[in-house]
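Trainee: I would like a close look at one helix of this model and its surroundings. Please take me through what packs there, and then place that part in the rest of the chain.

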Amino acid sequence: MIRLVSWIVFSIYLIVMVYFLFFSEQMGRIPRDTYCYNLRPFAEIGRYLQYSNTIGSFNVLLNLAGNVLCFIPFGFVIPILSGRQRKGYRMFFLSFLASLIVELLQLVSKLGSCDVDDIILNTLGGVIGYLLFSVCNRILHWKGRMNKS
């Protein structure tokens, strides 16, 4: 039952992510004539923090925390759906790979921007999601052992 609910939640999550990453005009997903990319790690993160007064706290939070938060469900649900993905290094790699694919698709489609900082923040979100899964999984196993005794 948990896997079925997880598949439903994950499917909804993917639909929402595809919308915000490729179709949402509010998120700047308007086709451009030129490629927009950043390949310098921490350049955009630094720019957002340096100009937070000009950009506005909401926009800084939306970009930085949003990139982390949007991948937390990914890191939490994948280990539920696939028992083979219950190792930390695998979730790190899968989060990195999924984020890299998204950023490359944004680059090729000229929707949004391809940003190495987004890959860093998304991967961090996936790892946080995995850590939350690990904590919840240990609590469930601990409670299961307590109920047996």
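Mentor: What follows starts with the chain as a whole, turns to helix α5 and its neighbours, and ends with some loop residues.

The model is predicted. The protein chain has seven helices and two strands, and from the N terminus the order of elements is α-β-α-α-α-α-α-β-α. Its C-alpha trace spans about 65 × 30 × 25 Å along the principal axes. Of the 149 residues in the protein chain, 34% are buried. Among contacts between residues at least 6 apart in sequence, 72% join residues at least 24 apart.

Helix α5 is the part to look at closely. Eight of its ten residues are buried, so α5 is largely enclosed by the rest of the structure. The buried residues of α5 are Ile72, Phe74, Gly75, Val77, Ile78, Pro79, Ile80 and Leu81. The cover over these buried residues includes α1, α4, α6 and α7.

Much of the detail can be followed from Phe10 and Phe74. Both phenylalanine 10 and phenylalanine 74 are buried. Leaving out residues up to four places away in sequence, Phe10 touches Phe74, Val77, Ile78 and Leu81. Each of these four is listed among the buried residues of α5.

The wider setting is a nonpolar core. In soluble globular proteins, nonpolar side chains tend to be buried together. Here the largest nonpolar core has 18 residues, and those with the most contacts inside it are Phe10, Tyr13, Met17, Phe71 and Phe74. The elements that contribute two or more residues to this core are α1 (2–23), α5 (72–81), α6 (88–109) and α7. Another core, of seven residues, lies apart from it and includes Ile45, Tyr48, Val68 and Ile72. Ile72 is also one of the buried residues of α5.

Aromatic rings are the next topic. The whole structure contains seven aromatic pairs. One of them joins phenylalanine 10 and phenylalanine 74, with 6.3 Å from centre to centre and 40 degrees between the planes, a tilted arrangement. Phenylalanine 10 belongs to helix α1 and phenylalanine 74 to helix α5, so this pair ties together parts that are 64 residues apart in sequence. A second pair, tyrosine 19 with phenylalanine 20, is edge-to-face, at 5.2 Å centre to centre and 70 degrees between the planes. Tyrosine 19 is partly exposed, at 37% relative accessible area, and phenylalanine 20 is partly exposed as well, at 39%. Phe10 and Phe74 also belong to one aromatic cluster with Trp7, Tyr13 and Phe71.

Two of the helices that help cover α5, namely α4 and α7, also pack on each other. The axes of α4 (residues 57–69) and α7 (residues 116–148) come within 6 Å and cross at roughly 45 degrees. The two helices are therefore oblique to each other. On the α4 side the contact is made by Asn63, Leu64, Asn67 and Val68, and on the α7 side by Asp118, Leu121, Asn122, Leu124, Gly125 and Ile128. Sorted by class, this contact of α4 with α7 has five nonpolar, four polar and one charged residues. Val68 of α4 is thus met twice, in this contact and in the core of seven residues.

The loops complete the picture. Most residues other than glycine have a negative phi, and most peptide bonds are trans. Phenylalanine 42, although not a glycine, has a positive phi of about 70 degrees. It is found in the loop between β1 (37–38) and α2 (43–50), and with 51% relative accessibility phenylalanine 42 counts as exposed. Lysine 110 is another residue other than glycine with a positive phi, near 60 degrees. The loop that holds lysine 110 runs between α6 and β2 (114–115), and at 22% relative accessibility lysine 110 counts as partly exposed.

Finally, glycine 28 is found in the loop between α1 and β1 and is partly exposed, with a relative accessible area of 25%. Glycine 28 and glycine 112 are 84 residues apart in sequence, and their C-alpha atoms are 5.9 Å apart in space.

Note on methods
Residues are numbered from 1 along each chain as its sequence is written. This is a predicted model: local features need pLDDT of at least 70, side-chain atom pairs count only at pLDDT 80 or more; totals for chains, interfaces and linings use all residues. Side-chain values use heavy atoms; hydrogens and water are left out. Axes are lines fitted to C-alpha atoms, for helices over the stretch in contact, and angles run from 0 to 180 degrees between N-to-C directions. Angles under 35 degrees count as roughly parallel, over 145 as roughly antiparallel, 65 to 115 as roughly perpendicular and the rest as oblique. Contact means heavy atoms within 4.5 Å. Ala, Val, Leu, Ile, Met, Phe, Trp, Tyr, Cys and Pro count as nonpolar, Asp, Glu, Lys and Arg as charged, and the others, Gly among them, as polar. A nonpolar core is a set of buried Ala, Val, Leu, Ile, Met, Phe, Trp, Tyr and Cys residues joined through side-chain atoms within 4.5 Å. Buried means under 20% relative accessible area, exposed over 50%, partly exposed in between (1.4 Å probe, protein chains only). Rings of Phe, Tyr and Trp (its six-membered ring) pair if their centres lie within 6.5 Å; planes under 30 degrees apart count as stacked, over 60 as edge-to-face and the rest as tilted.
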